[in-house]
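The following exercises concern a single predicted model. Each task is followed by a solution that proceeds step by step.

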Amino acid sequence: MRMRLEQKAARREVVSAASLLAPASVLVCVMMLAPLVLLARYSLNRYDAIEMMVAALTPQNYVRFFSDPFYLHVMLVTIRVSAIVTVACLALGLPMSWRLARSQSRWKGVYVMLLILPLFIGSVPRPDGWLILFARGGMLDVIAGALFDAHGVDLMYTETAVIFGIISINLPFTILTLQSVFEGIDPRLEEAAASMGAPPARSFMRIIMPLSLPGIMLGGALCFILSMNAFPTPLLLGGPRFQMMAPLLYWEFNTNNNWPFAGALAFILMATTLTLTVLANVVVPRRYRPA
């Protein structure tokens, strides 16, 4: 009798939880899937300069992308920039997040707030700040002229400027992700390693790194996805001659009004991002994976 009452109570809890979660879950699924289904249908249509979009079922938009060296080059540039940004964010974010996670200072909350503070600024004003630094006559040009008597430093509209701009946006996300990963690792493991004579660097590489590697891969995947879909930074810092996938997609959609080809670009970008992210997680050594 008692078991039946417990089973009924458990079923009531499940039904109650489902009734609370179901409306929001259905709404989120519909709002996410409906645009994707519509965009997939658009990508199979045909573009006409007069009628704009002609209903069809043709793969010509995808064939156009993979047969044109220009679009393939843009995709390779996007992947290269995203990979460089991801490696840089992980290299810069690992020591900062580790120090922040193990900090016992009363100022830790202030440090976290200073880290989050740049996220309060929109993604458009921040690249404008880099204009002051990178442009001819900007801060770098003035410093180079004062220290090395070298004028004419101009990094604007280059791949380097785009990389620095995306790093400044993605680095806080990477640090916050890695900080939560390191805080989930028991500090007593380090104490045990130290008691056995292991120096801090060795205990970090042999104990902390294997335990945190899945989380590090997650942070790298987040940074890579954000970089692949970066829009205002490549547009403002890269200029019209530097192309990445997101500005190109916007150009086809908003300027050329070629919605079918823009839909194909969106799905190719999404598929490439997901494929590379999955492959990056597959190459993690099995001995680093949790049992």
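**Exercise 1.** Determine whether Phe-164 is buried, partly exposed or exposed, and characterise the aromatic pair to which Phe-164 belongs.

*Solution.*
Step 1. The relative accessibility of Phe-164 is 41%. Partly exposed covers the range between the limits of 20% and 50%, so Phe-164 is partly exposed.
Step 2. The ring of Phe-164 pairs with that of Phe-134, with 6.1 Å from centre to centre and 55 degrees between the planes. Edge-to-face requires over 60 degrees and stacked under 30; the pair is therefore tilted.
Step 3. Phe-134 belongs to helix H5 (residues 125-134) and Phe-164 to helix H7, so that the pair links distant parts of the chain, 30 residues apart.
Step 4. Phe-134 has a relative accessible area of 3% and is buried.

**Exercise 2.** Classify the geometry of the ring pair Phe-70 and Tyr-71, and name the aromatic cluster that contains both residues.

*Solution.*
Step 1. The whole structure holds 13 aromatic pairs. In the pair of Phe-70 and Tyr-71, the ring centres are 5.2 Å apart and the planes stand at 70 degrees, which makes the pair edge-to-face.
Step 2. Tyr-71 is buried at 6% relative accessibility, whereas Phe-70, at 41%, is partly exposed.
Step 3. Phe-70 and Tyr-71 form one aromatic cluster with Phe-65, Phe-66 and Phe-261.

**Exercise 3.** Identify the buried side of helix H4 (residues 108-116) and state what covers the buried residues.

*Solution.*
Step 1. The buried residues of H4 are Lys-108, Val-112 and Leu-115. Because they cover an arc of only 60 degrees around the axis, they lie on the same side of H4.
Step 2. The face turned away from this side carries the exposed residues Gly-109 and Leu-114.
Step 3. The cover over the buried residues includes helix H3 (69-101) and helix H7 (159-183).
Step 4. Lys-108 has a relative accessible area of 19%; the cut-off for buried is under 20%, so Lys-108 counts as buried.

**Exercise 4.** Which parts of the chain do the salt bridges of Glu-159, Glu-190 and Glu-183 tie together?

*Solution.*
Step 1. The structure contains four salt bridges. One of them joins Glu-159 to Arg-80, with the closest N and O atoms 2.7 Å apart. Since Glu-159 lies in helix H7 and Arg-80 in helix H3, this pair ties together parts 79 residues apart in sequence.
Step 2. Glu-190 forms a salt bridge with Arg-102, also with a closest N and O separation of 2.7 Å. Glu-190 is in helix H8 (residues 188-195) and Arg-102 in the loop between H3 and H4, so the parts tied together are 88 residues apart in sequence.
Step 3. Glu-183 forms a salt bridge with Lys-108, the closest N and O atoms being 3.0 Å apart. Glu-183 lies in H7 and Lys-108 in H4, so this pair ties together parts separated by 75 residues in sequence.

**Exercise 5.** Compare the span of helix H9 (residues 200-228) with that of a straight helix, and locate the kink in H9.

*Solution.*
Step 1. At 1.5 Å a residue, a straight helix of 29 residues would span 42 Å. The end C-alpha atoms of H9 are only 36 Å apart.
Step 2. A kink of about 55 degrees lies in H9 at Met-209, shortly before the proline Pro-210.

Terms used
Residues are numbered from 1 along each chain as its sequence is written. This is a predicted model: local features need pLDDT of at least 70, side-chain atom pairs count only at pLDDT 80 or more; totals for chains, interfaces and linings use all residues. Side-chain values use heavy atoms; hydrogens and water are left out. Helices (H or I, at least four residues) and strands (E, at least two) are DSSP runs, numbered from the N terminus. The expected span of a helix is 1.5 Å times one less than its number of residues. The bend at a residue is the angle between axes fitted to the seven residues ending there and the seven starting there. Buried means under 20% relative accessible area, exposed over 50%, partly exposed in between (1.4 Å probe, protein chains only). The arc is that of the directions from the helix axis to the C-beta atoms. Contact means heavy atoms within 4.5 Å. A salt bridge is a side-chain nitrogen of Lys or Arg within 4 Å of a carboxyl oxygen of Asp or Glu. Rings of Phe, Tyr and Trp (its six-membered ring) pair if their centres lie within 6.5 Å; planes under 30 degrees apart count as stacked, over 60 as edge-to-face and the rest as tilted.
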